[in-house]
Amino acid sequence: MNILIMGPAGAGKGTMSKEIKTKYSVPHISTGDMFRENIKNNTPLGTKAKEYMEAGKLVPDSLVNDMVEDRLQQDDCANGYLLDGFPRSLGQAEALTKITSKINRSVDVALVLDVDIAVLEERITGRRICKNCGSIYHIKNHPSKVEGVCDVCSSELTQRKDDTLEQLQVRMNEYRKQTEPVIQYYEKQGIAKHVNAGQKPDKVFADIQSILDSVK
Ligand code: AP5
Ligand code: ZN
């Protein structure tokens with residue numbers, strides 16, 4: 001199954017992707033994670049993406065589209081994929097339609113995680129990430145067993161540079177301006193499925209499963 005997961009910063013895309021990846025055996029492709037990996041490794045792409053990401057702005061389409069095109073052509077996407085955080089602009093959505101029809105891997109469903117802004121603020125400011133394996137925690141909703149230490153690999157937990165209230169404001173503005181039209185793009189195609197992502201994680205995933213099982 002070819003799945004998109006959309007939603008504003010802190011909606012739970014990364015958290016739900018981990019569950020979907022395991023249950024439906026699809027590779028999890030997060031453009032945000034790909035950029036962060038490039039920044040960590042000091043690649044030319046990482047250098048270009050860094051200033052946009054730290055400001056909370058979208059990275060230009062030209063840098064994202066080629067990266068996604070390369071990734072979707074890899075063998076592990078032959079039986080499905082889960083794209084997290086892409087497309088985020090109409091330009092990206094149109095590029096994705098072209099790429100996926102060329103390689104015969106068209107999108108089956110676009111999950112849209114809906115959450116109130118007040119909830120997003122709490123989730124973003126309380127989020128902690130493992131520096132090493134990328135596991136996602138929250139100081140209240142999903143704390144690690146030992147404060148500041150990853151349960152999976154015992155590495156240090158850290159806060160993302162863009163996880164401040166100020167950057168969240170910028171990211172929300174980008175989302176409203178650039179990404180909401182993408183939701184309408186998939187609504188028109190009849191493949192957008194909204195999920196109430198303000199619920200507890202188990203309930204959010206149960207709702208996602210009912211949607212995905214009806215698409216299969
Ligand atoms: P990206 O990495 O995609 O970040 P984002 O969209 O801002 O989303 P987040 O990762 O912040 O949140 P999430 O929805 O994954 O939430 P999470 O599961 O962690 O993009 C970052 C930047 O990269 C962009 O700003 C842009 O610059 C650039 N970029 C990326 N893709 C791009 C593209 N296509 N085009 C251009 N630029 C691009 O959850 C958040 C917290 O809440 C966690 O602490 C978690 O434990 C907790 N939580 C999750 N679910 C629940 C729940 N149900 N109940 C309680 N707590 C929960
Ligand atoms: Zn870890």
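**Notebook: zinc site and annotated binding sites**

I began with the metal: Cys-130 (SG), Cys-133 (SG), Cys-150 (SG) and Cys-153 (SG) coordinate the zinc ion (ligand 2) at 2.2 to 2.3 Å. Donors here are N, O and S atoms within 2.8 Å of the metal (3.2 Å for Na, K and Ca), and water is not among the atoms, so sites may look incomplete.

The model is predicted: local features need pLDDT of at least 70, side-chain atom pairs count only at pLDDT 80 or more, and totals for chains, interfaces and linings use all residues. Residues are numbered from 1 along each chain as its sequence is written, chains are lettered from A and ligands numbered from 1 in the order in which they are written, and side-chain values use heavy atoms, with hydrogens and water left out.

**Zinc site**

I checked the geometry and found the site of the zinc ion (ligand 2) tetrahedral, with angles of 96 to 118° among its four donor atoms; four donors count as tetrahedral if all angles lie between 85 and 135 degrees. Along the chain the donors of the zinc ion (ligand 2) have the spacing C-x2-C-x16-C-x2-C. Distant parts of the chain are linked by the pair Cys-130, in strand E5, and Cys-153, in the loop between E6 and E7, 23 residues apart. Strands (E, at least two residues) and helices (H or I, at least four) are DSSP runs, numbered from the N terminus.

I then looked in UniProt, where an unreviewed entry places the feature "binding site" at Cys-130, Cys-133, Cys-150 and Cys-153. These positions span 24 residues in sequence, yet no two of their C-alpha atoms are more than 8.6 Å apart, so they gather at one spot. UniProt positions are in the numbering used here, feature names are shortened, and annotations may be inferred rather than shown by experiment.

Cys-130 is in strand E5 (residues 127-130) and is buried at 3% relative accessible area. I took buried as under 20%, exposed as over 50% and partly exposed as in between (1.4 Å probe, protein chains only). Cys-153 is partly exposed at 26%.

For contacts (heavy atoms within 4.5 Å), I left aside neighbours within four places in sequence. Cys-130 then has Ser-135, Cys-150, Cys-153, Ser-155, Glu-156 and Leu-157. Cys-153 has Cys-130, Asn-132 and Cys-133.

Ile-129 is also in strand E5 and is buried at 16%. Its contacts, with the neighbours within four places again left aside, include Glu-156, Leu-157 and Arg-160.

**Second annotated set**

The unreviewed UniProt entry also places the feature "binding site" at positions including Thr-31, Arg-36, Phe-86, Pro-87, Gln-92 and Arg-171. The full set spans 141 residues in sequence, and its farthest two C-alpha atoms are 24.5 Å apart, so the positions do not all gather at one spot.

I noted that Phe-86 is in the loop between strand E3 (81-84) and helix H5 (90-102), as is Pro-87. Phe-86 is buried at 1% relative accessible area, and Pro-87 counts as buried at 1%.

With residues up to four places away in sequence not counted, Phe-86 contacts Leu-4, Thr-31, Val-64, Asn-65, Val-68, Gln-92 and Leu-96. On the same terms, Pro-87 touches residues including Leu-4, Met-6, Thr-179 and Tyr-186.

Definitions and conventions: Tetrahedral: all angles 85-135°; square planar, octahedral: opposite > 155°, others 65-115°.
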